[in-house]
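Let us walk through this structure step by step. Keep the view open as you read.

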Amino acid sequence: MKRVFLSVAVVAALLSAMHAGVALADAKPIPPDQFEALKAQIEPQPGENSFWDIPWLLSIWEARELAAKEGKPIYIWSGSQGAPITGC
Amino acid sequence: MFAKSQKDAEGEFLRNHNAMVRTSTGAVHVITAEGKTIGRGLGLARAQKALEAWEALPENERQPGAVKIGERGERDPRLLEMSPPEGCLILRATNRHMGQTVEGDIRYLLVDDFSSERAQRSAPRYREPSNDFMWIMKDEWQELLPESPKVGDRAPVPAPILARLLRYHLNPLLSVRGAMCFTGSSPGDGKLEVVVEEVSPERVRLRLEGSARLSHPIVDADDLVYEPAFLGYVEYDPSKRTISRFDMIALGDLDGALPNLSGRPMAGIPDGTRPFGIAFGLIADPSPAETIRPHGCSKRRSDYLNPSAE
């Protein structure tokens, strides 16, 4: 809600290049020396989950005050059950 | 969306200007600070059109400081119930469905992993990770930290942490439609222990390790089964008893079809044995949007906050 939407223009989610990653083979328990690499592989890659690149506000009143102060329109995303689960 | 019934000036403003929806797919509205609608709908083209409508407005509606916003007044006290409880840790939880190479390496999903043209169209959404938050209550994380830690000490994590993890945060349906899965799990379906790894006056490092086996019935098909292992690390200052790191992953085989709205197998989505992982990480200084409640907390808050009482 906060930014003007030039910032929203970057929202289109582009998936990063697919690549092979760390071996899962018989990974029970998970080998500690693979922890960081596996965690990084699960987490969003560049271009994914772009919704979270935007500093959203939760209060329409705060958004209105900021928009009036900065002379910008307000971009509102609304829906049920919280924030979007994947990219925009 | 709560604003539909929000009893304060904010809720009234949103209702009066019809600037919200209550659907799980969500919607976009673009308005001025005064409340004039200048655009609707997702997508870059519609955003551009709204921006053009904004630029066409008279200067006195667009100039910084030109519009005065009145007093907000008292906020609906029910908003507090949607906020994280005081002192709770907020973890970002990222779920990702994955594939596997013939050599056994995990890899990101490919369009060819989807067996129908229709499913292939939804592949980009499905293969992107989904986002959620996990809340760990103040009394729970304080109990997690040993009073007199010694390297090698081992103990089960507080039961509510394990129960909340199993029921609400190992959810392969999150990326499909935000529905819940495995909410009928009991603490006996998994184990999670904390092991003291390092102790110094400045820092104690704990390792989290464990595993689970969760299942969900599918109509006219085998159960959906998930068997993750857990590994994680928690670091805290023993004198201040403040946590500076809380990282964990759950990773293991997911086997079986995901259910559609009627509980039957979803067509075209990968249903063989494939890796599914969740990465958890502490959000030390949450932004307003990172205080949004977890998906598992949206309908039955008390069950989420007190999972062992179920």
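Two strands count as paired if DSSP finds at least two bridges between them. In general, the strands of a sheet pair through backbone hydrogen bonds, either parallel or antiparallel. Keep that in mind for what follows. Remember, too, that this model is predicted.

Begin with chain A. Its secondary structure comes to two helices and two strands. Read from the N terminus, the elements run β-α-α-β. Chain A has 88 residues, and 39% of them are buried. Now look at its contacts between residues at least 6 apart in sequence. Of these, 80% join residues at least 24 apart.

Next, find the sheet. It is an open sheet of three strands, and its order is 2(A)-1(B)-2(B). The pairing is antiparallel. Which strands form the edges? They are strand 2 of chain A, residues 74-78, and strand 2 of chain B, residues 37-40. Each of these pairs on one side only. From one strand to the next, the twist averages 25°.

Now go to the place where the chains meet in this sheet. Strand 2 of chain A runs antiparallel to strand 1 of chain B, residues 27-31. How many bridges join these two strands? There are five. Take A:Tyr75 as a case to trace. Its bridge partner in strand 1 of chain B is B:Val30.

Finally, turn to helix 2 of chain B, residues 44-55. This helix lies across strand 1 and strand 2 of chain B. It runs at about 170° to strand 2 of chain B.

Terms used: Residues are numbered from 1 along each chain as its sequence is written. Chains are lettered from A and ligands numbered from 1 in the order in which they are written. This is a predicted model: local features need pLDDT of at least 70, side-chain atom pairs count only at pLDDT 80 or more; totals for chains, interfaces and linings use all residues. Helices (H or I, at least four residues) and strands (E, at least two) are DSSP runs, numbered from the N terminus. Axes are lines fitted to C-alpha atoms, for helices over the stretch in contact, and angles run from 0 to 180 degrees between N-to-C directions. Two residues are in contact if their C-beta atoms, placed from the backbone, lie within 7 Å. A residue is buried if 20 or more other C-beta atoms lie within 10 Å of its own, exposed if 12 or fewer, and partly exposed in between; C-beta atoms are placed from the backbone.
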